[in-house]
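Got the structure open? Let's take a walk through it, from the overall layout down to a few single residues.

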Amino acid sequence: MSDAAQAPAGPPGQPQKAPPGGTPPKAAPGGARITAVTSGKGGVGKTFVTANLAAALARRGERVLVLDADLGLANLDVVLNLYSRVTLHDVFTGRTPLEDAILPAPGGFSVLLAGSGLIEYSRMTPEVRDKLLEVITKVRPRYDHVLLDTGAGISDVVLFTISLADEVLIVATPEPTSLADAYATVKVLAATQAARPMRLLVNQTERMGEGRTVRAQLQQVVDRFVNAGLPRPVKLDHIGDVPQDKAVRETVQRRLLLLESLPGCAAAQALVAAANKLLD
Ligand SMILES: Nc1ncnc2c1ncn2[C@@H]1O[C@H](COP(=O)(O)OP(=O)(O)O)[C@@H](O)[C@H]1O
Ligand SMILES: [Mg+2]
């Protein structure tokens with residue numbers, strides 16, 4: 001049993017069953033699809049988006065694990081109002097078996113929390129690399145989806161985490177600073193890592209169609225400065241826009257999942273639609 005003090009009822013560490021009457025979880029022959037959620041710039045809404053996409057996928061009957069891969073600056077626990085004395089750090093040091101560190105989250109998915117303020121995870125060492133790989137290898141067969149909530153930027157920790165994923169989901173806002181940083185991430189990934197599907201979710205949009213413009217702007221610079229000469233050019237697959245909404249800030253402050261507290265609001269519905277696109 002884990003040390004989770006506020007974890008909701010349910011078997012920790014067990015992938016969820018499909019809800020009664022829901023679609024049974026499909027077998028994952030090659031194991032879970034691993035999606036790295038990243039952004040370039042920090043504070044754009046990665047953790048909020050990851051947690052709510054996980055809840056939307058879980059509602060579809062998918063067995064979902066969110067791994068707080070923002071090693072050292074973890075805050076998934078804050079967004080989900082979970083407290084655990086056991087974190088990825090204890091798994092890495094061998095103090096706790098992996099199963100005991102996986103907790104059930106309010107949205108019907110599982111989480112593996114990282115410790116925060118741990119200086120040893122601010123740079124990638126061969127040991128951290130091996131441990132992270134070991135954790136991913138162990139969880140992959142047990143879930144349909146693993147979402148990696150990465151840190152911002154293009155540090156070696158972030159880049160290594162992304163390299164473990166089958167696809168990359170870039171979260172950007174329409175702000176020029178966010179776009180510039182999203183571009184930097186795409187550029188570095190294209191130059192240093194294997195080509196994989198790269199998706200884009202535009203968060204905090206102010207008006208209809210803004211995400212499409214953002215995607216077009218980003219794709220244009222990618223075509224011009226990244227894709228020239230690439231055997232497999234990067235095509236950003238736009239999976240949706242989440243509007244800027246005061247309710248989001250409020251639910252984050254109250255530490256609730258938007259999909260649970262305000263499932264009918266436009267931002268929640270946009271996240272459900274984006275999760276559906278991830279399943280396409
Ligand atoms: N669609 C949105 N509308 C309004 N506020 C948002 C939205 N998305 C995110 N936020 C705000 O941005 C803050 C940062 O989000 P977070 O997920 O922690 O970012 P990141 O993980 O990228 O650093 C949240 O606390 C929330 O208040
Ligand atoms: Mg975050």
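What follows is a tour of the fold, the central strands, the ligand shell and some backbone oddities.

First, keep in mind that this is a predicted model. The chain averages a pLDDT of 89, and 89% of the residues score at least 70. The weak spots include residues 1–14, where the pLDDT is below 50; beyond near neighbours in sequence, that stretch has 32 contacts in the model. Residues 16–27 also stay under 50, with 18 contacts beyond four places in sequence. Where pLDDT is low, predicted coordinates should not be read in detail, so don't lean on those contacts.

Now the overall layout. The chain comes to 11 helices and 8 strands. Of its 280 residues, 45% are buried. Among contacts with a separation of 6 or more, 80% link residues 24 or more positions apart.

A good place to start is strand β5, residues 145–150. How many of its residues are buried? The count is 6 of 6. In a regular strand the side chains alternate between the two faces of the sheet. Here His145, Leu147 and Asp149 point one way, while Val146, Leu148 and Thr150 point the other, and all of them are buried.

Which strands sit beside β5? One is β1 (residues 33–38), which runs parallel to β5 and is joined to it by 5 bridges. Ile34 is the residue standing opposite Val146 in that arrangement. Another is β2 (residues 64–69), which pairs with β5 in the parallel sense over 6 bridges. There, Asp68 has Asp149 as its bridge partner in β5.

Follow the chain out of β5 and you reach Ala152, in the loop between β5 and α6 (156–163). Ala152 has 19 other C-beta atoms within 10 Å, and burial takes 20 or more, so Ala152 counts as partly exposed. Setting aside neighbours within four places in sequence, Ala152 is in contact with Ser39, Gly40, Lys41 and Gly42. Its C-alpha atom is also separated by 10.0 Å from that of Leu73, a residue 79 places away along the chain.

Next, the nonpolar interior. In soluble globular proteins, nonpolar side chains tend to be buried together. The largest nonpolar core in this model has 80 residues, and the ones with the most contacts inside it are Leu53, Ala54, Leu65, Val66, Val111 and Leu271. Helix α1 supplies the largest share of this core, 9 residues. Take Leu65 as an example: not counting residues up to four places away, Leu65 touches Ile102, Phe109, Ser110, Leu112, Val139, Tyr143 and Val146. Val146 is one you've already met, on β5.

Helix α1 turns up again around ligand 1. Which elements each supply at least two residues of the shell? They are α1 (46–59), β7 (198–205) and α9 (246–253). Of the 18 residues around the ligand, Gly45, Lys46, Thr47, Phe48 and Val248 come nearest. By type, the shell divides into 6 nonpolar, 9 polar and 3 charged residues.

Strand β7 deserves a look of its own. With 7 of its 8 residues buried, β7 is largely enclosed by the rest of the structure. Strand β6 (residues 167–172) pairs with β7 in the parallel sense over 5 bridges, and Ala172 has Val202 as its bridge partner in β7.

That brings us to the backbone. Most residues other than glycine have a negative phi. Gln204, in strand β7, has a positive phi of about 65 degrees although it is not a glycine. Is Gln204 buried or exposed? It counts as buried, because it has 21 C-beta neighbours inside 10 Å. Arg255 also has a positive phi, about 60 degrees, and is not a glycine either. Its setting is the loop between α9 and α10 (258–261). With 14 C-beta neighbours inside 10 Å, Arg255 counts as partly exposed.

One last stop: Arg129, in helix α5 (residues 126–139). This arginine has 16 other C-beta atoms within 10 Å, so it is partly exposed. What does Arg129 touch, leaving aside neighbours within four places in sequence? Its contacts are Met124 and Phe160. Phe160 is 31 residues from Arg129 in sequence, yet the two are 7.6 Å apart in space, C-alpha to C-alpha.

Terms used: Residues numbered from 1 in each chain as written. Chains lettered and ligands numbered in written order. Near = placed C-beta within 6 Å. Helix = DSSP H or I, 4+ residues; strand = E, 2+ residues; numbered from the N terminus. Nonpolar A, V, L, I, M, F, W, Y, C, P; charged D, E, K, R; others polar. Core = buried A, V, L, I, M, F, W, Y, C linked by C-beta atoms within 7 Å. Buried ≥ 20, exposed ≤ 12 C-beta atoms within 10 Å, placed from the backbone. Contact = placed C-beta atoms within 7 Å. pLDDT = per-residue confidence, 0-100. Pairing = 2+ DSSP bridges.
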